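Please take a moment to look over the sequence and the model below before reading on. The paragraphs that follow lead through them step by step.

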Amino acid sequence: MARRPKRSHNGGPPLDEYKGPPWGKGDPYIFLAWQVAHAKAWKAPSREIMLMRMDKAERLGLTYEEYTLEILERGRHLREEDTERISAIKAARKRRRVRLLD
């Protein structure tokens, strides 16, 4: 008996069976440029910066990844006064957790 796809499944073929190049049908230069940019953005910072971010994230109730992503996406460090943005990040975390359970 065939299994029903998950509710969020788009009906496309499984990605594991893809035999083509990693950039798909798009431009390989753009794919490689994005790969380099991603690696550069997520390059490990110095130990002191990492410890500072971990401490700040813990005080705000966020994970290190959430806090760092906020810096990379918006270019600003969160503070205790940014309660709206912090609650939005926590709400998105709950939505992701529910989506993973589907």
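How many salt bridges does the structure hold? The answer is eight, and several of them are followed here one by one, after a short look at the chain as a whole. It should be kept in mind throughout that this is a predicted model.

The chain contains four helices and zero strands, so that a reader who moves along the sequence meets the pattern α-α-α-α. Of its 102 residues, 16% count as buried, a class that takes in residues with under 20% relative accessible area. The chain exposes about 9,100 Å², and carbon and sulfur atoms supply 58% of that area. Among the contacts in the chain with a separation of 6 or more, 31% are accounted for by residues 24 or more positions apart.

With this outline in place, we can turn to individual salt bridges. In helix α2, which covers residues 47-60, the side chains of Asp55 and Arg59 meet in a salt bridge, with a distance of 3.3 Å from N to O. Because these two residues are four positions apart in the helix, Asp55 and Arg59 are separated by about one helical turn. Asp55 counts as partly exposed, at 41% relative accessibility, whereas Arg59 is exposed, with a relative accessible area of 51%; the cut-off for exposed is over 50%.

A similar spacing appears in helix α3, made up of residues 64-74, where Glu70 and Arg74 are four residues apart and therefore separated by about one helical turn. Their side chains also meet in a salt bridge, at 3.4 Å from N to O. Here the surroundings of the two partners can be read from their accessibility: Glu70 is buried, with a relative accessible area of 2%, while Arg74 is partly exposed, with a relative accessible area of 44%.

A further salt bridge links Arg79 with Glu81, and the closest N and O atoms of this pair are 3.3 Å apart. Is each partner buried, partly exposed or exposed? Arg79 counts as partly exposed at 44% relative accessibility, and Glu81 is exposed, with a relative accessible area of 55%. Salt bridges can also share partners, and in this way Glu70, Glu73, Arg74 and Arg85 are joined into one network. Glu70 and Arg74, the pair already met in helix α3, thus belong to this network together with Glu73 and Arg85.

Methods:
Residues numbered from 1 in each chain as written. Predicted model: local features only at pLDDT ≥ 70, side-chain atom pairs only at ≥ 80, totals over all residues. Heavy atoms only, no water. Buried < 20%, exposed > 50% of the residue type's maximum accessible area, 1.4 Å probe, protein only. Contact = heavy atoms within 4.5 Å. Areas by Shrake-Rupley, 256 points an atom, 1.4 Å probe, with all protein chains shown as cover. Salt bridge = Lys/Arg side-chain N within 4 Å of Asp/Glu carboxyl O.
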